[in-house]
Amino acid sequence: MAETSLNGFGAQPTRPNGMRGVVADWASDQRAFKSASWGKSMMWIFLLSDTFIFGCFLLAYMTARMSTTVPWPDASSVFALHIGGADMPLILIAIMTFVLISSSGTMAMAVNFAYRRNRRMTVILLLLTALMGATFVGMQAFEWTKLITEGVRPWGNPWGAPQFGATFFMITGFHGTHVTFGVIFLLIVARKVWRGDYDRGTRGFFTSRPGDYEHVETMGLYWHFVDLVWVFIFAFFYLW
Amino acid sequence: MVDATPRAERDIPPAEVPELELYHPKSWWTTYVFSQDAKVIAIQYSGTAVAIGLVALVLSWLMRLQLGFPGTFDFITPEAYYQFITMHGMIMVIYLLTALFLGGFGNYLIPLMVGARDMVFPYVNMLSFWIYLLAVLVLAASFFAPGGPTGAGWTLYPPQAILGGTPGGQDWGIILMLVSLILFIIGFTMGGLNYAVTVIQGRTRGMTLMRMPLTVWGIFTATVMALLAFPALFVACVMMLFDRVLGTSFFMPALVEMGEQLSYGGGSPILFQHLFWFFGHPEVYIVALPAFGIVSDLISTHARKNIFGYRMMVWAIVIIGALSFIVWAHHMYVSGMHPWFGFFFATTTLIIAVPTAIKVYNWVLTLWRGDIHLTVPMLFALAFIVTFVNGGLTGLFLGNVVVDVPLSDTMFVVAHFHMVMGVAPIMVIFGAIYHWYPKITGRMLEDWMGQFHFWVTFVGSYAIFFPMHYVGLVGVPRRYPEIGEAAFMTAPVDNLNAFISVAALIVGFAQMVFLFNLVWSLRFGKEAGPNPWRATSLEWQTPTTPPPHGNWGDERPVVYRWAYDYSVPGAPEDFIPQNDPWPEKVAARPA
């Protein structure tokens, strides 16, 4: 892990491997996660907490779907687009998912270039990630608009159980909010990389903590999490 | 001969993390108001929690006036009574106990006890308090909103919580309640991430996890639990808010109200109960575990003896924390769930009694042949043990399905949970304030006022809650403002109700003595010195008292031992601070 040692929080070189290493780390002083900085640890624990939020949302959705007495709308016809004279089921959502998963790839490359101190490539890839995130949110807005014009509301829809609209808007909305915040923070991080804040260790405006290229990786953790959550939402809403 | 004297440079690993420069406040505002110092934030958290807690205390008096002397006070209408019980419960559980233990004691004690200079992200920590304050203000605002606060009961069960028949259901009350809870959870998450990461990643040299004081273990475990349990409440609040504001039907089945079919349909009220109690049961232990930790330290310090079975105490805390996530449906035995379900949850509930009993035995064994000093903090700690055992035993009754079903929704339940998660943690909070006040202010709290406060509170809370068990057993239901004519409302029950109410008023007024003591001793209290209780843990070893910004001056302390080296044979004093490299003992203690 040559990269992680660049931030000054690196692991000590002589540590036992495997389970003995884990035990040694947890039995040691100062830190339990020897290669993780404070920021990265905090992001991991936050994501664990956020996992429980999305988990509760999805469980609530499953409960509603299984306990309702009215039939659930058919996903493949509800989420179909009429293109070139044919109904194409799930075409929009396939593109959205492709874009979001691809953005995880560019994010991972941005993290790599950040640790190589390649500012130019890092900025390009971060902006590309943000662009794909924004595209995703834009397509989601299009999908919401289409459903709303067809009569889907949080309190009802033309095809079946009213909980369909309620859970759909709530959960995709909550996820879309996560993506939107991610895009905003991607742009902030990209600006900091562009200005060289992380090379100079410029202090944050609010926190007055010195900047570090590791922020790109912490940002990446959040972004990958948001993508991973989407995989579950995609499976439970569109494929079930 | 081998030189066994421990030396920092040889026996303790070097610092792994370069120190981050703290934010240095430049003005009065950034020093005392928008402060990033965990100690200031702790006092802000505590002050806000106590202030809103006083509101809840007054509400409890009003409730007791109605229950003790039904029909005497005209202004307490049934609607007002429902609002009183709802706000009393919600404020006490979340805005007082949770905020005070984690935001108050957590912020003050974690950095000091693990030898850190501050929380790992002081700015986020500061935001945590301000969002908490906003949540409290939104909550308080509901008292002045049209229709008043919500009267749905602290569990906020739908469908009644958002229907017109419940006070605040179709007005602003329930909306403000839900918004306030959502804000509280956001604010708590910011603080909770800080507490957890500070314990895991921010300790000083030599401070291994198994050398931490049990106070830190209790607060840390409770914080992790809160980070995993509050999401369920967050989701439940968001969904109920949508039900109320957008007209969705997450929790709302098809309903007829006043002869009129409502537009709701197809939702599941039981889903809310599951989400609520997936949060609600861990919440009990979020309040209890910090109390367990703190009381362990109080008992060890004031009995001048090492805590009995330190490792078992740590593992008991962790196991209780884990088990508390798989017992939630024992609050739902009467919800109509499948009997096998109840069997499972009764079993897990009773299993929790095992680690809990380990802790109680260990506290008692710590006292065994100790050099017990009956100081005010010690009195409160002893009162906690007794009260917790009492409340825990009735928990065994309520945890069994067949016993719970007849007792469900009676005053017996009220007596049980007030004993176990009301009185018991509050005893620890009082003890902890008497214990750490000298460190926070540099002065002792006045002893005779403390003794008076203790005896009235301790005897008084038994006068309140012991008879309440009996009242519940004969069948008096909870949440009723007035029973009227009923077979079980005999003269003894009426008299007991009046007796309980008088006791509650007396205990309430004794708290005013405590508050007066807090203010009076700030100016006139006896000078405490840096370590009045001759305690071992790091917060008593700071260079100045109260500790300065950054806590430690130029060098962070180096830890050589656990926090419980009291009355070590051969040592020059009857306590050895954690950062004292006194020889011979290092190898004998848990690493």
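**Chain A, its contact with chain B, and a helix pair in chain B**

Chain A has nine helices and two strands. This is a predicted model, in which local features need pLDDT of at least 70 and side-chain atom pairs count only at pLDDT 80 or more, while totals for chains, interfaces and linings use all residues. Residues are numbered from 1 along each chain as its sequence is written, and chains are lettered from A and ligands numbered from 1 in the order in which they are written.

Q: What makes a stretch of chain A count as a helix or a strand, and which pattern follows along the sequence?
A: Both are DSSP runs numbered from the N terminus: H or I over at least four residues for a helix, E over at least two for a strand. On that basis chain A reads α-α-α-α-β-β-α-α-α-α-α.

Q: How do you know which element of chain A has the lowest confidence?
A: By pLDDT, the predictor's confidence in each residue, from 0 to 100. Helix 1 (residues 2-5) of chain A has the lowest mean, 37, and helix 6 (residues 119-149) of chain A the highest, 97. Residues 1-11 of chain A stay under 50. For chain A as a whole the mean is 90, and 94% of its residues reach 70 or more.

Q: What makes a residue part of the contact between chains A and B, and how many does each chain give?
A: Two residues are in contact if their C-beta atoms, placed from the backbone, lie within 7 Å. The contact takes 39 residues from chain A and 42 from chain B. Helix 3 of chain A gives the most to the chain A side, with 14 residues.

Q: What classes make up the side of chain A that touches chain B?
A: It has 23 nonpolar, 13 polar and three charged residues. Nonpolar means Ala, Val, Leu, Ile, Met, Phe, Trp, Tyr, Cys and Pro; charged means Asp, Glu, Lys and Arg; the others, Gly among them, are polar.

Q: Why are helix 4 and helix 6 of chain B called roughly parallel?
A: The axes of helix 4 (residues 78-114) and helix 6 (residues 173-201) of chain B come within 10 Å and cross at roughly 25°. Axes are lines fitted to C-alpha atoms, for helices over the stretch in contact, with angles from 0 to 180 degrees between N-to-C directions. Angles under 35 degrees count as roughly parallel, over 145 as roughly antiparallel, 65 to 115 as roughly perpendicular and the rest as oblique. Helix 4 and helix 6 of chain B are therefore roughly parallel to each other.
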